[in-house]
Amino acid sequence: MIGYGLRWATSEHAAIVVESARVFTDGVLFQIGRQVRRRDLSERQFQQLIHEDHFFVSEEGRRARLQYGAILSDGQRLADSDLFDEDGVDDGAVLLRQGGSGGGGASSYRYADDLWLHPLPPAGSLELVVQWPALQVPEHRITLPVGDLLRAAEQVTTLWSD
């Protein structure tokens with residue numbers, strides 16, 4: 001596990017932090033923390049934002065949603081919403097938002113997201129990208145050294161040899 005605690009992006013209503021990375025032989029699981037505060041939003045607006053998957057079903061709403069991405073050192077660009085090519089076949093690296101948890105009250109909400117990057121990124125640098133238009137978070141990038149991830153992968157204990 002690599003601890004980061006890096007502030008990735010902030011706005012009046014949101015803060016997003018790269019908290020850590022759990023490294024495996026076949027990929028990296030990034031833990032992302034998000035804090036949302038209500039401030040001047042109506043109760044309904046706040047509820048829609050913290051439960052956006054249930055409310056943002058229109059095309060305009062989907063564009064306003066939280067979006068993660070990655071740019072690998074070999075030039076590959078990944079988005080958490082692009083799992084497969086048009087033919088439905090997984091042809092390469094993938095970035096997938098999965099699991100996570102959240103909780104809060106009427107004035108703030110905290111999320112813990114997991115971002116799975118498969119396979120391990122190539123040597124060089126890795127840019128993580130985030131934007132959340134609904135909360136006025138424009139595109140922000142953070143660069144992580146891949147060497148730390150690859151060294152951690154060398155230390156992973158294999159549970160089964162087959």
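**Sheets, strands and helices**

Me: Which residue in S2 stands opposite Ile2?

Reply: Ile2 stands opposite Ala21 in S2. This is a predicted model, in which local features need pLDDT of at least 70 and side-chain atom pairs count only at 80 or more, while totals for chains, interfaces and linings use all residues. Residues are numbered from 1 along each chain as its sequence is written, and side-chain values use heavy atoms, without hydrogens and water.

Me: What makes S1 and S2 a pair?

Reply: Two strands (E runs in DSSP of at least two residues, numbered from the N terminus as helices are, which are H or I runs of at least four) pair if DSSP finds at least two bridges between them. S1 and S2 (residues 14-24) have six, in the antiparallel sense, so the pairing criterion is met.

Me: Which strands belong to the open sheet of five, and in what order?

Reply: The order is S1-S2-S3-S7-S6, with antiparallel pairing. S1 (2-10) and S6 (94-104) are called edge strands, as each pairs on one side only. On average, neighbouring strands here are turned by 20° against each other, direction ignored.

Me: How do you know that H1 packs on this sheet?

Reply: Helix H1 (residues 43-50) touches S3 (27-37) and S7 (108-118), and contact means heavy atoms within 4.5 Å. The direction of H1 makes about 20° with that of S7; axes are lines fitted to C-alpha atoms (for helices over the stretch in contact), with angles from 0 to 180 degrees between N-to-C directions.

Me: Which strands does H4 lie across, and at what angles does it run?

Reply: H4 (residues 146-154) lies across S8 and S9, at about 55° to S9. H4 also lies across S1, S2 and S3, running at about 35° to S2.

Me: Why are S5 and S9 said to stand at the edges?

Reply: The open sheet of four strands has the order S5-S4-S8-S9, paired antiparallel. S5 (77-79) and S9 each have a single partner strand, so one side of each is left without a neighbour in the sheet. The twist averages 20° from one strand to the next.

Me: How do you know that S8 and S9 pair?

Reply: S8 (residues 125-132) and S9 (residues 137-145) share seven bridges in the antiparallel sense, so the same criterion is satisfied. Val130 has His140 as its bridge partner in S9, and Trp132 stands opposite Val137. Four residues lie between the strands of this hairpin, where Gln136 takes a positive phi near 55°.
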